[in-house]
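Student: Before I look at individual parts, could you show me how to read a model like this one, starting from its overall form and ending with single residues?

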Amino acid sequence: MKKECVVCGAGFDARGFAKTCSPECSAEHRREKQRKYRQENSEKLAERGRKWRQENSEQQRKYRQENSEKIAEYTRKYRQENREKFTENRRKWRQENREKILENTRKYQQENREAILERRRKHHQENREKIAERRRKYKQKNPEKVAESGRKYYQENREKINECNRKYRQENREKEAERARKRSAKISAALRLVREIREKGLEALL
Ligand SMILES: [Zn+2]
């Protein structure tokens, strides 16, 4: 019986219930059906996966532990071979789940505020020079961008910055006073020198 292949549209001599013209089209047809099934049953399948993982978590953990190198190697290789697909998929997923991601991030940050700050502080302390160097280089390459973003940041956070400065000054009042004393001592010394030069000429420098 003459039929049209449901995949490629070519006419072919069908036997029985055949819907496709060739083994290749048959495989493609099967893949399409599976894709469609997964799409239409994504929630059910996800739930089944969750349940399976829950019930087998101990076994999985053990398997992952015993095969961590093999898994890492496999993952690395798979990512390398599918880099474009991978980034594209991730980009797409991020775009489609933007709200969910933002919400999750906010929630995580809120619940882990202290830990995050602590981690950041530690990282900063341990990488102070590297970070400063990177910042310096970036500034050198993008002076206008840096100046602009600094201006913008100051404008948007004026109150916070002023408050911070005020607090810092208050806490460092002693240090600040000491600095001011030194500054004025330097100035008076210079003025004295100028006066002496005026009175005694350059001999004052000897
Ligand atoms: Zn075909």
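Tutor: We shall go from confidence to overall form, then to helices, and finally to one residue.

Student: How far does the confidence of the predictor reach, and which elements have the lowest and highest mean pLDDT?

Tutor: This is a predicted model, and the general idea is to read the confidence before the geometry. Here the protein averages a pLDDT of 91, with 100% of the residues scoring at least 70. Among the elements, helix H3 (residues 57–66) has the lowest mean, 88, whereas helix H1 (residues 23–40) has the highest, 95.

Student: What is the secondary structure of the protein, and in which pattern does it run along the sequence?

Tutor: One counts the elements and then reads their order. The protein has eleven helices and two strands, and along the sequence the pattern is β-β-α-α-α-α-α-α-α-α-α-α-α. The radius of gyration is 35 Å, well over the 17 Å that the globule rule gives for 206 residues, so the protein is more spread out than a compact globule.

Student: What box do the C-alpha atoms fill along the principal axes, and what percentage of the residues count as buried?

Tutor: The box is roughly 125 × 45 × 35 Å. Of the 206 residues, 1% count as buried, and among contacts with a separation of 6 or more, residues 24 or more positions apart account for 0%.

Student: How does one read a single helix, for instance H8, from its end C-alpha atoms?

Tutor: One compares the span with the expected value. At 1.5 Å a residue, the 14 residues of helix H8 (residues 128–141) should span 20 Å, and the end C-alpha atoms are 20 Å apart, which agrees. Helix H2 (residues 42–55), with 14 residues, reaches 20 Å, close to the 20 Å expected, and helix H9 (residues 143–156), also with 14 residues, reaches 20 Å against an expected 20 Å. As for cover, the count of buried residues is zero in H2, zero in H8 and zero in H9.

Student: Is tyrosine 154 buried or exposed?

Tutor: One counts the C-beta atoms around the residue, and 12 or fewer within 10 Å makes a residue exposed. Tyrosine 154, which lies in helix H9, has 12 other C-beta atoms within 10 Å and is therefore exposed. The C-alpha atoms of tyrosine 154 and cysteine 5, which are 149 residues apart along the chain, are separated by 66 Å.

Note on methods
Residues numbered from 1 in each chain as written. Predicted model: local features only at pLDDT ≥ 70, side-chain atom pairs only at ≥ 80, totals over all residues. Helix = DSSP H or I, 4+ residues; strand = E, 2+ residues; numbered from the N terminus. Expected span 1.5 Å × (residues − 1). Buried ≥ 20, exposed ≤ 12 C-beta atoms within 10 Å, placed from the backbone. Rg over C-alpha atoms; globule rule 2.2 N^0.38 Å. Contact = placed C-beta atoms within 7 Å. pLDDT = per-residue confidence, 0-100.
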